[in-house]
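Thanks for coming. I will take a few minutes to walk through one model, and the picture goes up now.

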Amino acid sequence: MLGAVGLLIVFTALVIFNMKNKGRRQCRWREYRHAEGTRYTCVQCGAVVEGERGSPPRICMRGSSKSA
Ligand SMILES: [Zn+2]
């Protein structure tokens, strides 16, 4: 019983933490260089953005570059 309550508290804390970080999610941009420029892929949300070399996007681009 006590273990279940502990899990519930941890889960609730995680949900609140995620809600607080909504909108300013820290993306982890991975750089892929190709012929036309540089493509940045966010390993956190999976967003793909074309950009300039050495300057990854600062905001989370989740959903904005997905057409499907
Ligand atoms: Zn992201």
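Three strands make up an open sheet here, in the order β1-β2-β3, and the pairing is antiparallel. Its edges are β1, residues 29-33, and β3, residues 48-51, each of which pairs on one side only. From one strand to the next, the twist averages 30°. Before I go on, please keep in mind that this is a predicted model.

Now the first pair. How many bridges join β1 and β2? There are five, in the antiparallel sense, and β2 covers residues 38-42. We can go through some of the partners one at a time. W29 has C42 in β2 as its bridge partner. Next, R30 stands opposite T41 in β2. Then E31 is found opposite Y40, again in β2. If you follow these on the screen, you count up in β1 from W29 to R30 to E31, while the partners in β2 count down from C42 to T41 to Y40. As a general point, side chains in a regular strand alternate between the two faces of the sheet. The connection between β1 and β2 is a hairpin, with four residues between the strands.

On to the second pair. β2 and β3 are also antiparallel, and they pair over four bridges. One residue to look for is T41, whose bridge partner in β3 is V48. You have met T41 already, opposite R30. So much for the partners; what about the turn? β2 and β3 form a hairpin too, with five residues between them. Which residue in that turn has a positive phi? That is G46, with a value of about 85°.

Let me step back to the chain as a whole. The protein chain has one helix and three strands. Which pattern do they follow along the sequence? Reading along the chain gives α-β-β-β.

Two figures remain, and both cover the whole protein chain. The first is about burial: of the 68 residues, 7% are buried. A residue counts as buried here if 20 or more other C-beta atoms lie within 10 Å of its own. The second is about contacts. Taking those with a separation of 6 or more, 10% are between residues 24 or more positions apart.

That is what I have. I can put the picture back up if anyone wants to trace the strands again.

Technical notes:
Residues are numbered from 1 along each chain as its sequence is written. This is a predicted model: local features need pLDDT of at least 70, side-chain atom pairs count only at pLDDT 80 or more; totals for chains, interfaces and linings use all residues. Two strands pair if DSSP finds at least two bridges between them. Helices (H or I, at least four residues) and strands (E, at least two) are DSSP runs, numbered from the N terminus. Axes are lines fitted to C-alpha atoms, for helices over the stretch in contact, and angles run from 0 to 180 degrees between N-to-C directions. A residue is buried if 20 or more other C-beta atoms lie within 10 Å of its own, exposed if 12 or fewer, and partly exposed in between; C-beta atoms are placed from the backbone. Two residues are in contact if their C-beta atoms, placed from the backbone, lie within 7 Å.
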